[in-house]
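Got the viewer open? Load the model, switch to a cartoon view with side chains available, and follow along one selection at a time.

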Amino acid sequence: EALQQLEAAQTAIELETKDKKALRSALDCSQQELESAHQHLKSLEQRWHTAQQELENTKKRLASLQQQLEKSQHEHESTQQQLRSVQQHVECVEQQLESAKQQVLVATQAGGRSAEQ
């Protein structure tokens, strides 16, 4: 009877040892999954940080482009004003030229009449 109790106790110890090994294996597996998840989280955090930096850089580039656009618009408006001024000057000179032509024509006609008389 003692032998049977010893064998039963030995079997119980073996089963308990197997259970402990299975639990240890499950714990190790869970630990690896946790470490893997932690590494994945770190990777996501790095990507998020990089994306945040890219967003900030993009905002800065956009602001710079906006300033360049505004500067170009002001330069364009200034150029258009200069063009209008030049056009007005050209029109004025054309009018003066036309007036001078008329005066030359009148003077020529008057000079021709004087010579005839």
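Select Arg24 to begin: with a relative accessible area of 48%, Arg24 is partly exposed (buried means under 20% relative accessible area, exposed over 50%, and partly exposed in between, using a 1.4 Å probe and protein chains only). A quick word on what you're looking at: this is a predicted model, where local features need pLDDT of at least 70, side-chain atom pairs count only at pLDDT 80 or more, and totals for chains, interfaces and linings use all residues. Residues are numbered from 1 along each chain as its sequence is written, and side-chain values use heavy atoms, with hydrogens and water left out.

Now add Asp28, which is partly exposed too, at 37%. Arg24 and Asp28 form a salt bridge, their closest N and O atoms being 3.9 Å apart (the rule asks for a side-chain nitrogen of Lys or Arg within 4 Å of a carboxyl oxygen of Asp or Glu). Why can such pairs form? Side chains of opposite charge can pair when their charged atoms come close. Both residues sit in helix H1, four residues apart, about one turn of the helix.

Next stop: Glu56 and Lys59. Their side chains meet in a salt bridge at 4.0 Å, N to O. This pair is also in helix H1, three residues apart, about one turn of the helix. Glu56 is partly exposed at 41%, and so is Lys59 at 47%. How many salt bridges does the structure hold? Two.

Time for the cysteines. Pick Cys29, partly exposed at 37%, then Cys92, partly exposed at 34%. Counting pairs of cysteine sulfur atoms within 2.5 Å as disulfides, the total is zero.

Slide along to Leu97, in helix H1, which covers residues 2-116. Is Leu97 buried or exposed? Exposed, with a relative accessible area of 51%. Draw a distance from the C-alpha atom of Leu97 to that of Glu45: they are 76 Å apart, with these positions 52 residues apart along the chain.

Finally, zoom out. The chain has one helix and zero strands (both are DSSP runs numbered from the N terminus: helices are H or I with at least four residues, strands E with at least two). Its C-alpha trace spans about 170 × 15 × 10 Å along the principal axes. Try colouring by burial: buried residues make up 0% of the 117 residues.
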